[in-house]
Every structure is written in C-alpha cells, then in structure tokens.
Amino acid sequence: MKIVLEIIEGAGFARKRSLRAPAVLVVGRGEASDWMLPDDPTMSSRHFEVSVQYDGCTVTDLNSTNGTIIDGKRISRQSITDGIKIKAGSTVFRVFILQPASGTSPIAGLQTPKNKLVAEPPPQQKSPVVAPKPSKSDPSNPVGQVLRQTDVISPTNHAQADVTAKRGALHAAGPSAPRPKTGAVIEVVSTFGHGRKSILRPGQSITVGRTEKSDFAIADPKLSAAHFSLADGRSGWQLTDLGSGTGTAVNGVKRSTTVVHTGDRIVAGQTEFLVTIGQSAPSSGRRSGSGPSFQEGIRDKDPQVRRAAIHAAAWCREAWLLDFCRECAYDPSPDQWDALEMLSILGIPTDLDLIRSVNGRSDLGPSRFEWLASFGHPAIVPDLIDAMRSEDRPVVVIAAGAFSRITGWEIDSDAVATLQEDDFVLPDVDRAEQEWTRLCGQFASGTRFHQGIETSGMPTPELLQQLDMRSRWEACVRGKYEGTWNGSPFDLQRYSVHDPVEV
C-alpha cells in the first residue's frame with residue numbers, strides 16, 4: 001500500500017510526501033518531526049503521526065496543543081480513507097491512497113484500473129519488537145564488553161573497495177533473499193548547504209531541489225526547482241532524476257534512475273551529496289551481529305550489566321529497544337528500573353498515558369517521579385503538583401525536584417524535612433500551583449521541556465549549553481537514537497545518574 005499526503009491549504013501549499021508500507025511519518029513544526037513545517041506557528045513541534053501498514057493506514061494526534069482535526073472533529077487516533085482531509089494548526093492535508101488492484105492479474109489479460117498499483121508482497125523478514133530471551137546465558141559477558149559495543153556505529157568508510165564489497169554481498173544473496181528494510185541519510189558535502197542532511201526512515205521518500213516545493217531545498221542556482229527524488233523501493237533506495245535541466249550524476253555518471261548505496265556521491269547542479277544506507281542510518285530492525293549481545297545483556301542477572309546493555313543499545317540505535325522498554329512498562333517491577341528510565345528518556349508523546357500509569361505504581365518507590373522529569377511533557381506537571389501535597393516526605397521532595405527540572409522554577413518554602421540524616425527543603429506547593437496556572441501557556445508549543453527550555457527538537461550545541469548535565473546527557477542519547485545527533489558518548493562528560501532514595 002502507498003499513500004500520498006499533500007498540503008492543500010497553508011504555507012507549504014502543494015508540497016507532498018509519499019509513503020509506502022510499512023512506514024511512519026511524524027508531521028510538525030519542529031526539527032524532531034520527519035516532515036517539518038516551520039512556517040505554521042499554530043502547529044505543535046510534533047503534531048501528528050501517519051502510519052502506513054499493509055492492511056491500512058492511521059493518523060494519531062501526538063498530544064498537540066490545537067489538536068488534529070478530521071471532518072471538523074478533534075481526533076486522538078483514526079483510520080485513514082482515500083480523500084480524507086487532515087487539519088493541523090493552519091495547515092490542511094489531503095490523503096490519496098493507492099490501493100492494490102482487485103481481481104485477476106493484468107498478466108491474465110485484465111486491465112489494471114487507472115491510478116491503481118499492483119500490490120507488492122510484504123517482506124519476509126521478521127523485525128523484532130521485544131528482545132527475545134537467549135537460548136542460554138553467557139556469564140562471560142562483562143560490563144566492559146557491552147560498553148565497548150557503543151562503537152558499533154562508526155563513521156562511514158568512503159573507500160570504493162568497501163562499497164564494492166557490500167554490493168557484492170547484496171548480489172550474492174540472490175533475487176529470492178528478502179531485503180532488510182533500512183533507512184537512509186543524504187548529506188550535503190559541498191559548498192551550498194554544507195553539512196545539511198535529511199534522515200529517512202524505511203518506506204519514506206524525498207524530493208531535492210532549489211525551491212520550497214521540494215522536501216529538501218538547497219539554495220543552489222544550478223539546481224532545478226525539483227531536481228531528483230530518493231525513495232525506498234523493493235530493490236533498495238532508488239534515485240530518480242525529475243527531468244532536471246543539468247541532470248543528476250551518481251559517482252560521476254549521469255543517471256535517469258538507479259539504486260544508490262552507502263558511499264555513493266550524487267551531484268546535482270553545483271551540489272554534492274553523500275549517501276549512507278544502514279549502519280548509522282535509521283533501521284527498521286536489528287542489525288546483524290549486534291543484537292544478540294545486547295539482548296543477552298539486558299536479561300543478565302547483574303543489574304550493572306543490564307544497565308550498561310540498555311544504555312549501549314540506545315547509543316547504538318537498536319530499533320527494538322523502545323518497544324522492549326514499553327513492554328516492561330506494561331508490567332513494571334523494581335528490577336526493571338533502567339528500562340523504565342530509558343522509556344522516559346526515549347519515549348514519544350503518545351507514551352504519555354503509559355508513563356503516567358507506571359508512575360501510579362507506588363511499589364516502585366518515590367524515585368519513580370524522576371521519570372516524569374526525564375519525560376518532560378507539560379501535561380504531567382499537574383501530577384507533580386498533586387504529588388507535592390502527599391504525606392510521604394520522599395515523594396514530596398522528589399516530585400518537587402522533578403517540577404523544578406521541567407519548569408526551571410525554584411519553589412522552596414521555609415520548611416525543612418530530614419530524610420536519612422540529610423535535610424531537604426520542602427516546596428511551597430501553593431506557589432507552584434499559582435505559577436503554573438499563570439504561566440503554563442508558555443509550555444503549550446512543545447512536548448518536552450527541561451529548565452523551562454523546549455528539548456523536543458534537535459540537540460543543537462546552543463541548546464546543550466543551556467542544560468544541566470543530566471538533561472544534556474538525556475538529550476544526546478535521545479538525539480542519537482532518533483538520528484538527529486551524530487556525536488559519541490565519549491563526547492560527553494560522564495556523570496552519575498541519581499540513585500533511588502531508599503525509604
């Protein structure tokens with residue numbers, strides 16, 4: 001199944017995105033969205049998500065401020081039908097669904113109806129959702145071995161020999177071997193727009209050109225308005241020249257259409273692009289060679305090994321990790337602390353209800369309120385204010401710290417409580433509630449805040465400089481996992497995450 005999402009009203013009029021199953025597209029105003037529309041100030045940073053599967057399509061509101069509207073009604077989640085209109089902020093989208101042809105195959109002599117596509121068979125791979133239990137434990141897998149796996153994602157090797165070897169391995173697999181679905185990164189390496197990149201998930205497509213009608217616009221006067229496209233197809237990531245004036249060259253040879261590979265260089269106009277597919281590009285499944293070791297580590301009896309494995313899997317962008325953390329949250333227990341903490345760091349707005357349900361489990365201890373601070377969604381601030389009215393002093397202290405970490409406001413009172421021989425200042429809850437009632441509108445534009453700063457977008461150097469060490473570390477882990485930050489854990493100063501308060 002394939003759909004086309006076209007803007008029919010708003011600043012991005014006539015822009016389109018196409019998606020082929022299985023694929024997910026997040027639309028919003030901020031850089032954390034797959035399709036960024038910064039010119040609509042009434043749209044949230046991550047406004048809604050479109051999911052395209054083989055059996056249908058859905059649109060999900062991501063707890064946006066102004067809501068996602070279909071047929072005049074605000075929705076939370078709804079199936080998509082052909083021709084439906086979706087309104088987000090001041091922008092209206094129309095959905096076109098290209099269904100598989102019905103009836104006998106055209107090969108048997110019947111014509112395929114116009115504007116219909118013959119269905120592609122779903123890939124035969126199995127993408128892991130929850131990490132499977134290993135057949136046997138490996139007691140020789142120490143913390144250091146798991147941590148060393150954070151170097152699995154290495155800089156792209158531009159040597160042509162490496163590219164040739166990868167292509168040979170692909171051809172050796174034969175036409176019957178299923179192609180692993182993986183993402184792609186296209187990065188500008190020449191003067192115009194140097195360093196800019198677009199990160200594509202499996203099933204997505206992008207048009208590159210000179211004007212804003214293209215998804216990836218470059219201010220190169222030699223580029224055509226819509227110069228070439230890159231789309232995930234059955235045989236790989238397919239580049240197609242869109243009738244450009246100067247043509248599109250891949251590795252020095254002009255092409256009208258071709259499959260591109262890691263290390264290929266595309267020249268369009270005066271702009272050169274570098275292609276990366278797999279490895280450091282987004283993946284829809286587990287990379288061979290890295291998964292089993294991580295999955296053994298997260299089930300190790302030693303809590304330090306479990307913690308190191310979860311952190312290393314996040315840094316290495318293991319696609320199954322977030323769903324594994326969600327599975328732990330459905331039936332949480334104290335020994336799953338690190339998985340639940342990672343869910344709060346990597347979770348997206350649609351995880352809000354799950355995070356709240358976990359926080360309602362008092363058997364997890366008062367330090368569970370730290371997860372709310374890591375998640376940072378403005379909608380949980382009233383929950384923290386309620387917790388600060390508790391008779392449980394550790395809950396009050398930790399909830400107050402979480403409130404201040406999200407909002408950046410100091411709400412100390414004159415009262416002091418002694419916990420484990422240490423003195424803690426208690427919060428002025430009435431003042432906290434008054435300030436939130438008065439200023440909560442400042443938090444309506446985003447879905448994650450720390451120290452009063454929106455952190456739901458790309459972790460830029462300017463943003464990281466404003467954050468405390470813990471929030472900075474979390475922003476970089478999240479950026480690495482989502483593909484919006486290309487640094488290394490060794491680029492960050494190490495620090496110790498707060499230990500849970502014992503009561």
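**Exercise 1. Work out which side chains of strand β10 (residues 85-88) are buried and which are not.**

Step 1: Keep in mind that this is a predicted model. In a regular strand, side chains alternate between the two faces of the sheet.

Step 2: Now walk along β10. Ile-86 and Ala-88 point to one face and are buried, while Lys-85 and Lys-87 point to the other and are not.

**Exercise 2. Find the strands that pair with β10, and the residues across from Ile-86.**

Step 1: Start with β7 (residues 68-70), which pairs with β10 in the antiparallel sense over three bridges. Here Ile-86 is the bridge partner of Ile-70.

Step 2: Then take β11 (residues 91-98), antiparallel to β10 and joined to it by four bridges. In β11, Phe-93 stands opposite Ile-86.

Step 3: Check the turn. β10 and β11 make a hairpin with two residues between them, and Gly-89 in that turn has a positive phi of about 65°.

**Exercise 3. Decide whether Ser-224 is buried or exposed.**

Step 1: Locate Ser-224 in the loop between β15 (216-217) and β16 (228-233).

Step 2: Its relative accessibility is 16%. The cut-off for buried is under 20%, so Ser-224 counts as buried.

Step 3: See what it touches. Leaving aside neighbours within four places in sequence, Ser-224 contacts Gly-209, Arg-210, Ser-244 and Gly-245.

**Exercise 4. Pick out the residues with the most contacts inside the largest nonpolar core.**

Step 1: That core has 64 residues, and the ones to pick are Leu-321, Met-342, Leu-346, Met-388 and Phe-403.

Step 2: Don't mix in the other core, which lies apart and has 26 residues, including Met-1 and Phe-48.

Technical notes. Residues are numbered from 1 along each chain as its sequence is written. This is a predicted model: local features need pLDDT of at least 70, side-chain atom pairs count only at pLDDT 80 or more; totals for chains, interfaces and linings use all residues. Side-chain values use heavy atoms; hydrogens and water are left out. Buried means under 20% relative accessible area, exposed over 50%, partly exposed in between (1.4 Å probe, protein chains only). Two strands pair if DSSP finds at least two bridges between them. Contact means heavy atoms within 4.5 Å. A nonpolar core is a set of buried Ala, Val, Leu, Ile, Met, Phe, Trp, Tyr and Cys residues joined through side-chain atoms within 4.5 Å.
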